[in-house]
Amino acid sequence: MNDVRTVRAGRRTVELHRPQKVLFPVPEAKGGSTGKGRSTGSGSGLTKADLFDYYRSVAPFMLPHLRDRPLMLERHPDGVDGPRFMQKDTPDHYPDWITRAEVAKQDGTVTHTVCDDTATLLFLADQACVTLHRWLSRTGRIDRPDRLVFDLDPAGDDFGTVREAARLLGELLDQMNLPSALMTTGSRGLHVIVPLNGNHDFDDARAFAKDVADTLAEAHPEQLTTAPRKKDRGDRLYLDVQRNGYAQTAVAPFSMRATPGAPVAVPIAWEQLDDPAVNARSWTIDTAVEQARTEPWAGVLRSGRALGPARRKLRALRG
């Protein structure tokens, strides 16, 4: 059996090593994703070839959400049941044609990988990078985020609470004339994403997100909370805004997640929340590309907004 497969990606040639290595063992019948599964050629689960082929097929839809953004790479070289490596610094052995971004951290710098093209995405798949987590800013203005993320994280497994929280948050953002986009995380909840114009620093953006979350939690104290400690939340849904800080990351759209069934973080349209079958793991590597072709965000994220007018509207709403 050939342990190396070679593919052409633009001007680059990328090798896939050990394509039949199983990364996702077959889950037990009672567990796994609620999305459609796949029967692989290995007969024992999803392989590196499946990971590689998925990222190759989704690249046209995924790359616009990755370009110019430092990444944190979630690697599983021994499969999702083995050790997990959260990789920030780019190893020296990575090809020199892969873009890098040196960014400041406390007492030094970190050289992150940046995924600007299909070849880089496939190289990362060969490195058993299952999930890509991206910065909310771009390399040209690293301290100025152009995305705001609200992470709706349920206390348990009741997706109904996530669905309702998303609707309430979407209504509040509408009242502030802020466009918003919705994404399943492939894990348990949803991300609500607001495009910014890139003129605010991280502290300003996170402070605004916290004010929005606090306003919503105060209006619905039985359902929602911003309490940072789990013991203080009870069974209320947590409105998490901590991803909006400098050097924090959020799962990138169309990233596979390292859980049984290989669910995918997928952009969805707001009206898809009305489908009772939709949940955080509804899409897998078999169905994510089909969902991408529907263009659920339809240019929403191209209209980055300033926070000044929205902040004034929020103050008026709070009285």
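## A298 and R18: two loop residues with positive phi

A298 sits in the loop that runs between α5 (288-293) and α6. This is a predicted model, and in it the phi of A298 comes out near 40 degrees, a positive value in a residue that isn't glycine. As a reminder, most residues other than glycine have a negative phi. A298 is also out in the open: its relative accessibility is 64%, so it counts as exposed, the cut-off being over 50%.

R18 is another case of this kind. Its phi is near 50 degrees, again positive and again in a residue other than glycine. Look for R18 in the loop between β2 (12-17) and β3 (22-25). Is R18 buried or partly exposed? With a relative accessible area of 48%, R18 falls in the partly exposed class, because that class lies between 20% and 50%.

## A316 on the last stretch of domain 2

Staying with α6, this helix covers residues 307-318 and contains A316. Domain 2 is made of two segments, 145-247 and 301-318. A316 has a relative accessible area of 59% and is therefore exposed.

For a sense of distance, take A316 and R206: they are 110 residues apart along the chain, and their C-alpha atoms are separated by 20 Å.

## N244, tucked into a loop

Now for a loop residue that is hidden away. N244 belongs to the loop between β14 (237-240) and β15 (249-251). At 1% relative accessibility, N244 is buried, because anything under 20% counts that way.

What does the side chain of N244 reach at 2.8 Å? The partner there is the backbone oxygen of V149. A polar atom of the N244 side chain also lies 2.9 Å from the backbone oxygen of V241. Leaving out residues up to four places away in sequence, N244 touches L136, R147, L148, V149, F202, R206 and A209. So V149 turns up both as a polar partner of N244 and in this list of neighbours, and R206, from the distance to A316 above, is on the list too.

## How the two domains meet

The chain splits into domain 1 (4-25 + 43-135) and domain 2 (145-247 + 301-318), so each domain is built from two segments. Their C-alpha centres lie 29 Å apart. Where they meet, five residues of domain 1 are in contact with five residues of domain 2. The size of an interface is often given as the accessible area lost when the parts come together. Here, the area buried between domain 1 and domain 2 is about 480 Å², with carbon and sulfur atoms giving 46% of it. On the domain 1 side, R69, R134 and W135 supply 73% of the buried area, more than any other three residues.

Which side chains meet in a salt bridge? Those of D146 and R69 do, at 3.0 Å from N to O. The count of salt bridges between domain 1 and domain 2 is one. R69 is also among the residues that supply most of the area domain 1 buries. Polar contacts between the domains come to two residue pairs, both at pLDDT 80 or more. As for the elements involved, β7 (99-105) and β9 (129-135) each supply at least two residues of the side of domain 1 that touches domain 2. By class, that side has three nonpolar residues, two charged ones and no polar ones.

Conventions:
Residues are numbered from 1 along each chain as its sequence is written. This is a predicted model: local features need pLDDT of at least 70, side-chain atom pairs count only at pLDDT 80 or more; totals for chains, interfaces and linings use all residues. Side-chain values use heavy atoms; hydrogens and water are left out. Contact means heavy atoms within 4.5 Å. Buried area is the accessible area (1.4 Å probe) that two parts lose on being put together, summed over both. A salt bridge is a side-chain nitrogen of Lys or Arg within 4 Å of a carboxyl oxygen of Asp or Glu. A polar contact is a pair of N or O atoms within 3.5 Å; within protein, one must be able to donate a hydrogen and the other to accept it, and residues adjacent in sequence count only if both atoms are side-chain atoms. Helices (H or I, at least four residues) and strands (E, at least two) are DSSP runs, numbered from the N terminus. Ala, Val, Leu, Ile, Met, Phe, Trp, Tyr, Cys and Pro count as nonpolar, Asp, Glu, Lys and Arg as charged, and the others, Gly among them, as polar. Buried means under 20% relative accessible area, exposed over 50%, partly exposed in between (1.4 Å probe, protein chains only).
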